[in-house]
Amino acid sequence: MKKRVVMFVVVFLFLAGIPGVSRAAVTEEMVRRAWNEVVKTAEMKPLPLSIENNTIPNAWVTNGKSVTVTTGLMNLLEREEEIFGVLSHEAGHAKLNHYASAVTSSVGIGVAGILLDKVIGGSIVGDLAVNVGSNLASAGFSREKEVEADDFAVDLAFKGGKDPTGIYTALERLAYYGGKLQPSGFNSHPPDDRRLLHVKNRIHSRDPNIKITETPKPKQTKEK
Ligand SMILES: [Zn+2]
């Protein structure tokens, strides 16, 4: 009996170690569970969550009435705490009424937010430009709102007793995704270190002992 349990665990670990069989990506179940926890912790209306089949990693709130996560984001993230962080960021936009001033009222995370400098610098091309551009155009986007939503995400993790480093490493992955996509264009613009530093400081202001395991930078991204 005991032997069978051990065998099961061994097989599971074996499968989990094979890339492609169970790469550390976020599943739909994890997304929905994290969203339920965010809603509960933030004491907000349970907005419907949908998953969009799109390789661009992104998440956004529409009209403060629904939340969308792309499969690209699920594939990019590796821990449930990270999707919890991203969804907390989105909940922050909804709770802080960020959509109210926007025209089409869609406020997103990460790719749009973290790459703002690059958009302004005109160095984004292709799908990402279209995606980010339309997000920015329709969002009434501002860096200030992104910072507020990031802070909200960190605070919500503490409130819910979750790992607050999830939002941090999620933002790192989003930043480095851009680096991987456009190595030549992006190398002149380092990932948004200022935003990441702000999130890190927020975490450590709540608890200086929390260890943050940095996500390795993609090889083609130059060090600052
Ligand atoms: Zn945002």
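Let's begin with the overall build: the protein chain has eleven helices and four strands. Keep in mind as you look around that this is a predicted model. The protein chain has 224 residues, and 38% of them are buried. Now think about which parts of the sequence meet in space. Taking the contacts between residues at least 6 apart in sequence, 70% join residues at least 24 apart.

Next, find two helices that meet. Helix α4 covers residues 80-95 and helix α8 covers residues 143-160; their axes come within 7 Å and cross at roughly 120°. An angle over 115 but not over 145 degrees counts as oblique, and α4 and α8 are therefore oblique to each other. The crossing of α4 past α8 is right-handed. On the α4 side, the contact is made by Gly85, Ser88, His89, Ala91, Gly92, His93 and Lys95. Facing them from α8 are Lys145, Glu148, Ala149, Asp150, Phe152, Ala153, Leu156 and Ala157. Sorted by character, the residues of this contact are six nonpolar, five polar and four charged.

Finally, let's visit a single residue, Glu172, which you will find in helix α9, residues 165-181. Is Glu172 buried or exposed? A residue is buried if 20 or more other C-beta atoms lie within 10 Å of its own. Glu172 has 24 C-beta neighbours inside 10 Å, so Glu172 counts as buried. Which residues does Glu172 touch, leaving aside those up to four places away in sequence? They are Leu196, Glu214 and Thr215. You can also look from Glu172 to Leu77: the two are 95 residues apart in sequence, and their C-alpha atoms are 9.9 Å apart in space.

Methods
Residues numbered from 1 in each chain as written. Predicted model: local features only at pLDDT ≥ 70, side-chain atom pairs only at ≥ 80, totals over all residues. Axes fitted to C-alpha atoms, helices over the stretch in contact; angles between N-to-C directions. Helix = DSSP H or I, 4+ residues; strand = E, 2+ residues; numbered from the N terminus. Parallel < 35°, antiparallel > 145°, perpendicular 65-115°, else oblique. Left-handed = near helix turned anticlockwise from the far one by under 90°. Contact = placed C-beta atoms within 7 Å. Nonpolar A, V, L, I, M, F, W, Y, C, P; charged D, E, K, R; others polar. Buried ≥ 20, exposed ≤ 12 C-beta atoms within 10 Å, placed from the backbone.
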